[in-house]
Amino acid sequence: MKMDTTSTLPQTSRRGFLKSSAGGALMLSFALPLASKRALAQSVSNTFAPSAWLRITPDNRVTVLCGSSEMGQGVLTAIPMMVAEELDADWALVGVEQAPADTAFNNPLFGMQGTGGSTTVRAHWTPLRQAGAAAREMLVAAAAQAWKVDAAALRTERGHVIGPGGKKLSYGALVESAAQQAVPASPKLKDSKDFKILGKPTRRLDSAAKVNGSAQFGIDTHLDGLLVAVMARAPVAGAKVKSSDEAAARAVKGVQHVIALDNGVAVLAKGFWAAKKGRAALNVQWDLGAGLGADLSTDKVSAMLSDAAGKASAVAVDSGNLKDAAANSAQQLSASYEVPYLAHACMEPLNCTAWVRDGAATVWVGTQGQGPTQQIVAKIAGVPTDKVQVNTTLLGGGFGRRFAHDFTISATLLSKLSGHPVKLIYEREDDMAAGFYRPASVVKFEGALDDKGRVSLLRADIGSPSIMAGSGFMKLPESGVDAMAVEGLADHHYDIANQRIAYGQAEPGPQVWFWRSVGHSQNAFFLESFVDELAHAAKADPLQFRLQMLSKQPRLRGVLELAAAKAGWGKPAPKGIFRGIAVAESFGSYVAEVAEISIAKDGTPKVHRVVAAVDCGMTVNPLTIVHQIESAICYGLSAALYGKITHKDGRVEQSNFHDYPVVRMSEMPKVEVHIVPSKEAPGGIGEPGTPPLAPALTNAIFAATGVRVRKLPIDTTALKRV
């Protein structure tokens, strides 16, 4: 596979069709959706349509350009698989290249070039297959013309058009004549039963480069004359530099510049270690300002969120009659749940290399948002957008964090001000102490059961900061409801007649941001835990209790029943082992998980096994699905057991993995992933495995101890046996 993240491709505008290239290649690009009756461009054009690109060369090789970012979720393999399936390409001759930043590669669900929300396959499932199918029909038309036969008499197989008597022509031999064919307005797509590539376990195209070390991550970028920058960054929003010793920093060997920015002071040096030593020599003293920022504490955050939940007035759901349901209920329950701020803790430190010169700007960055990056860099550098080249490198973990642009903005500014190419690196401590967090959140539940043990009432009042309000590119709607704060609660699928779901905004100060599965990450824990409470109050089996409320939801029922069956739910567990179950729909996919745990005498839970069932619609690569569910379970387990960002005297208390631990290999449970066969449209897979994990775990803890965990991370002292 060619992994060239620094090569330049023609920067083009929308809706072009590349007929040929100087190398004799057939280059195809199709609109989203494919425009009908489009004429071919007569020569290589500087325009192309908003879609994935397909290139076929005379040596019969197929190259697909991927506009999405590869951060471990497998898009550099999934994107080519979708094109190659409809093209009937020889998979052994299919390669992939990272696309440039261009509106042609906009994510159809976002309206911009960006990767997140588990959307890559969902967004491109139809248009990429159309691109492959249209190319195949053009190749067939070219062969029919050469053989002077009806195209209907021909078929394709593994990169060849096959004609009467078994004669064949390779796609590579047909590229020149295929380029003369009209673009099909409505290319015929395969029936899924005829798939030869899609749905089959497939090794990833980027694995070899990662194993042999040739894969380029952002931090691998090197240029002649490069300066490495680190920053002393403001510990809280709005903090100002009270004093710093710039002379001491400049005295460090290798330090070239000390530059003050609005959000801190940067030290630029000939190497990371010199820059780090220079920053230490700065000895920056901060003025945290007056008000909440200066004395922010975790206790104050909790109090603010609890108060916001108690006053929640932005109503997302209001159905039925809660007053009458409460009056006629046989039993009522109430409970409060809470989760903390969480860091993304990407394995590769955040970094960006920028070079602003000669009226243009180039960046090398692991970003989840190439489109916004191009526009932001243009504004910061003071150059036209078409003079900004974004080289998207591999991402050493994203989880939503690399959709922010703070590190790209600062790198661009530093290059512009210094006149050098600059690689800005955030140490983990930098990102964890002054970064972007999953919102802390509090929910206050009220529920009721009727005389038959059925849920007759559900009320949930949520207090949390708003991602929408703080994003810089979204606004809260007039209703005041942040969709991401209530997702997974306001749109849950349980059949409950009387409901009220409301949101109360509170802004303690820290920047909040998208985190793997966003609002679902906390709201599935809240809802699935409280549903479990209701099940036990009704003296009902937690699985059957859920199934009874999901009579109109076959896909949720399907994953619940499959996970339960594979885990042996209802059968005696081994001695000392206890089970919990949870289910959630997010990003168009349905996942149920059963956690099997034991509790040590000191209260420490050990997760022995997690059985997951996933219905993500039609599949591209089953291996990727398994890997992503495993990854999501690990991520969710780390958060449930350990994850928290806390504040004291205005500062974050965590700094690195020693005080923000993640699950180690010895703690990782056995994970079983079972995929439900489906003919439904594809759902996302990068995030849906995370939401059910925490409630499955804590519901198992209740089964083991009788202690209901309502606050994460889990307080093991409450589980300690006397």
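Mentor: Let's start with a term: contact means heavy atoms within 4.5 Å. Keep in mind that this is a predicted model.

Trainee: Thanks! What does helix α3 lie across, and at what angle does it run to β7?

Mentor: Helix α3, residues 171-178, lies across β5, β6 and β7. Its angle to β7 is about 80°, and angles run from 0 to 180 degrees between N-to-C directions.

Trainee: Which other helix lies across these strands?

Mentor: Helix α2, residues 120-147, also lies across β5, β6 and β7, and its angle to β6 is about 50°.

Trainee: How do you know that β6 and β7 pair?

Mentor: Count the bridges. Two strands pair if DSSP finds at least two bridges between them. Strand β6 (residues 160-162) is joined to β7 by three bridges, so the pairing rule is met. The two strands run antiparallel, and His-160 faces Ser-170 of β7.

Trainee: What is the strand order in this open sheet, and why are β5 and β7 at its edges?

Mentor: The order is β5-β6-β7, with antiparallel pairing. β5 (155-157) and β7 (168-170) each have a single partner strand, so one side of each lacks a neighbour in the sheet. On average, neighbouring strands here are turned by 25° against each other, direction ignored.

Trainee: Now the empty space. What makes a space a cavity, and how many cavities of 30 Å³ or more are there?

Mentor: In a cavity, a 1.4 Å probe fits but cannot get out. By this rule, six cavities of 30 Å³ or more are counted. The largest holds about 170 Å³ of space.

Trainee: How do you know which residues line the largest cavity?

Mentor: A lining residue has an atom within 4 Å of a cavity point. There are 14 such residues, and those closest to the centre are Gly-488, His-492, Val-583, Ala-584 and Glu-585. The elements giving two or more residues are α14 (519-537) and β22 (578-586), and α14 supplies the largest share, four residues.

Trainee: Why is Gly-488 called polar?

Mentor: Gly is counted among the polar residues by the rule used here, so Gly-488 falls in that class. The lining as a whole divides into seven nonpolar, four polar and three charged residues.

Trainee: What about the second largest cavity?

Mentor: That one contains about 130 Å³ of space. It is lined by 16 residues, with Arg-438, Ser-521, Ala-639, Ala-694 and Leu-712 closest to its centre. α14 and α17 (622-641) each supply at least two of its lining residues. The classes are 10 nonpolar, five polar and one charged.

How values were computed:
Residues numbered from 1 in each chain as written. Predicted model: local features only at pLDDT ≥ 70, side-chain atom pairs only at ≥ 80, totals over all residues. Heavy atoms only, no water. 1 Å grid on protein atoms, 1.4 Å probe; cavity = no way out; pocket = protein on both sides within 12 Å on 5 of 7 lines; lining within 4 Å. Points joined across faces, edges and corners; volume = space filled by probe spheres on them.
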